[in-house]
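User: I am new to this structure and would like a close look at a single part, the protein surface that faces one of the DNA strands. Please take me through that part step by step.

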2 protein chains.
Amino acid sequence: MQLANTFSALGNATRFAIVERLLQQGELPAGAFLDMNGVSPPAMSRHFKVLREAGIVNQRIDKQRRIYSVRPQAVQQISDWSISYRKFWENGLDRLAMALSEDV
Amino acid sequence: MQLANTFSALGNATRFAIVERLLQQGELPAGAFLDMNGVSPPAMSRHFKVLREAGIVNQRIDKQRRIYSVRPQAVQQISDWSISYRKFWENGLDRLAMALSEDV
DNA sequence: TTGGTGTTTATCAATTATGTTAATTAACAT
DNA sequence: ATGTTAATTAACATAATTGATAAACACCAA
């Protein structure tokens, strides 16, 4: 599945933080992330490459700047997947809730 | 964030397939997965360990069998995260749809 | 006890991921 | 031209992941 690859790209603390920030603040140039816990420009660039190749972010070129944004489809894909199992976990939580209140 | 760790565990094709199967079929013993594309028992065991340590699956012991199931909280955590950005991706997809129909 | 099933742990090799420094490209300002 | 800013690619070192084989452990059955 292709979702495994999406998860793999998001399964790194730095990349996950990048994506969260892009989700919250909208599109940003690569350089806006150099304040992050001492990640060097080359390291940052490679993280963006991984995110690009996983289809999680989009790159737009403006002069010398590479401006990144999250592809809505990527988040929707994750949402669709998790929600498709919603019935399962809702039942599960119900079972859990029942178990927790069983000793009353 | 601890979601990055969840994504990391799911970011492997074999582990993702394990989780999907557990979600669809409910709890299953480790041995039920040995038919999967030639994954050896030790490899399978380590994948389960990763999933356990990431809090994605639960292990129940029954005689010699280790019976695994998905922790509903893990799926819910992912669902909550994606839904927290729902407005973003819904708007984004709307804009995309509009852009695609703009040439009419 | 002996043997078989189910699963895990140990050890080691191979691959992949990540980070670093140095060099490179591109756009711009002087 | 020269230097500066923004970002990337190249080359390399190190760490982490994955897998394979062998050994071990727990349980059951004869």
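Analyst:
**The surface near DNA strand C**

The residues of the surface near DNA strand C (near meaning that a heavy atom lies within 4 Å) divide into six nonpolar, eight polar and five charged; here Ala, Val, Leu, Ile, Met, Phe, Trp, Tyr, Cys and Pro count as nonpolar, Asp, Glu, Lys and Arg as charged, and the others, Gly among them, as polar. The model is a predicted one, in which local features need pLDDT of at least 70 and side-chain atom pairs count only at pLDDT 80 or more, while totals for chains, interfaces and linings use all residues. Residues are numbered from 1 along each chain as its sequence is written, chains are lettered from A and ligands numbered from 1 in the order in which they are written, and side-chain values use heavy atoms, with hydrogens and water left out.

Of the 19 residues around DNA strand C, those that come nearest are A:His47, A:Lys63, B:Gly31, B:Arg66 and B:Tyr68. On the side of the DNA, 65% of the strand C atoms within 4 Å of the protein belong to sugar or phosphate, and the rest to bases.

Polar contacts (pairs of N or O atoms within 3.5 Å) include one in which an N or O atom in the side chain of A:His47 is 2.8 Å from a phosphate oxygen of DNA strand C. From chain B, a side-chain N or O atom of B:Gln59 is 3.1 Å from a phosphate oxygen of DNA strand C, and a polar backbone atom of B:Ala30 is 3.3 Å from a phosphate oxygen of that strand.

Terms used
Polar contact = N/O pair within 3.5 Å; in protein donor to acceptor, adjacent residues only side chain to side chain.
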